[in-house]
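Welcome! Have a look at the chain shown here, and then work through the exercises at your own pace.

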Amino acid sequence: LGQQALGWLADVRTARDAMALLTPREYNVLDHLVLGCSNKVAAYELGISARTLEVHRAHIMGKMCARNLADLVRISMSAA
């Protein structure tokens with residue numbers, strides 16, 4: 001495999017390892033965020049407060065080493 005392919009495989013492995021760290025609730029929150037739901041809409045659909053969703057989002061961002069929502073989407077798509 002070429003250097004670029006090896007780098008891509010490492011990214012996929014890292015993304016999957018990060019996803020494995022998420023709790024079931026964090027995974028649900030991530031699903032809503034990746035689909036483009038706002039914090040308020042995601043919180044309503046999950047039956048939690050917007051503040052609780054923000055806490056989960058912060059934990060997800062930390063566990064997945066994402067700086068922003070775009071990073072989060074990119075990392076989660078790499079794991080798929």
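Below are six short exercises, each with a worked solution, on a model that is predicted.

**Exercise 1. The overall fold**

Find how many helices and strands the chain has, and state what share of its residues is buried.

Solution. Start by counting the elements: there are 5 helices and 0 strands. Next, follow the chain along its sequence, and you will read the pattern α-α-α-α-α. Then turn to burial: of the 80 residues in the chain, 31% are buried. Finally, consider the contacts between residues at least 6 apart in sequence: 49% of these join residues at least 24 apart.

**Exercise 2. The buried face of H2**

List the buried residues of helix H2 and work out how they are arranged around its axis.

Solution. First, locate the helix, which spans residues 24–34. Its buried residues are Glu26, Val29, Leu30, His32 and Leu33. Now look down the axis of H2: these buried residues fall within an arc of 165°, so they line one face of the helix. A general rule helps here: an α-helix has 3.6 residues a turn, so residues three or four places apart point the same way. Last, look just past the end of the helix, where H2 is followed by glycine 36 with a positive phi near 95°.

**Exercise 3. The two sides of H3**

Decide which residues of helix H3 are buried and which are exposed.

Solution. Begin with the buried residues of H3, which are Ala42, Ala43 and Leu46. They cover an arc of only 100° around the axis, and this places them on the same side of H3. Now go to the other side of H3, where you will find Lys40, Tyr44 and Glu45 exposed. What do the buried residues of H3 pack against? Their partners are H2 and helix H4, residues 50–63. As a last step, check what comes after the helix: H3 is followed by glycine 47, which has a positive phi near 75°.

**Exercise 4. Three helix pairs**

Describe how H2 packs with H3, how H3 crosses H4, and how H2 packs with H5.

Solution. Take H2 and H3 to begin with. Their axes are 10 Å apart and the packing angle is about 135°; H2 and H3 are therefore oblique to each other. Their crossing is right-handed. On the H2 side the contact uses Arg25, Asn28, Val29, His32 and Leu33, while H3 supplies Asn39, Ala42, Glu45 and Leu46. Sorted by class, the residues of this contact are 4 nonpolar, 3 polar and 2 charged.

Continue with H3 and H4, whose axes come within 8 Å and cross at roughly 105°. That angle makes H3 roughly perpendicular to H4. Asn39, Ala42, Ala43 and Leu46 of H3 make the contact with Ala50, Leu53, Glu54 and Arg57 of H4. The classes here are 5 nonpolar, 1 polar and 2 charged.

Finish with H2 and H5, which pack at about 110° with their axes 10 Å apart. H2 and H5 are therefore roughly perpendicular to each other. In this pair, Leu30, Leu33 and Val34 of H2 meet Leu69, Leu72, Val73 and Ser76 of H5. The contact holds 6 nonpolar residues, 1 polar residue and no charged residues.

**Exercise 5. A closer look at leucine 33**

Is leucine 33 buried or exposed, and which residues does it touch?

Solution. Place the residue first: leucine 33 sits in helix H2. Buried means under 20% relative accessible area. Leucine 33 has 2% relative accessibility, so it counts as buried. Leaving aside residues up to four places away in sequence, leucine 33 touches Asn39, Arg57, Leu69 and Leu72. Leucine 69 is 36 residues away along the chain, and the C-alpha atoms of the two leucines are separated by 8.0 Å.

**Exercise 6. Two residues to compare with the cut-off**

Are methionine 77 and cysteine 65 buried or exposed?

Solution. The cut-off for exposed is over 50% relative accessible area. Methionine 77, which lies in helix H5 (residues 69–79), has 54% relative accessibility and so counts as exposed. Cysteine 65 belongs to the loop between H4 and H5, and with a relative accessible area of 66% it is exposed. Now check the backbone of cysteine 65: its phi is positive, about 55°, although it is not a glycine.

How values were computed
Residues are numbered from 1 along each chain as its sequence is written. This is a predicted model: local features need pLDDT of at least 70, side-chain atom pairs count only at pLDDT 80 or more; totals for chains, interfaces and linings use all residues. Side-chain values use heavy atoms; hydrogens and water are left out. Axes are lines fitted to C-alpha atoms, for helices over the stretch in contact, and angles run from 0 to 180 degrees between N-to-C directions. Helices (H or I, at least four residues) and strands (E, at least two) are DSSP runs, numbered from the N terminus. Angles under 35 degrees count as roughly parallel, over 145 as roughly antiparallel, 65 to 115 as roughly perpendicular and the rest as oblique. A crossing is left-handed if the near helix is turned anticlockwise from the far one by less than a right angle, and right-handed if clockwise. Contact means heavy atoms within 4.5 Å. Ala, Val, Leu, Ile, Met, Phe, Trp, Tyr, Cys and Pro count as nonpolar, Asp, Glu, Lys and Arg as charged, and the others, Gly among them, as polar. Buried means under 20% relative accessible area, exposed over 50%, partly exposed in between (1.4 Å probe, protein chains only). The arc is that of the directions from the helix axis to the C-beta atoms.
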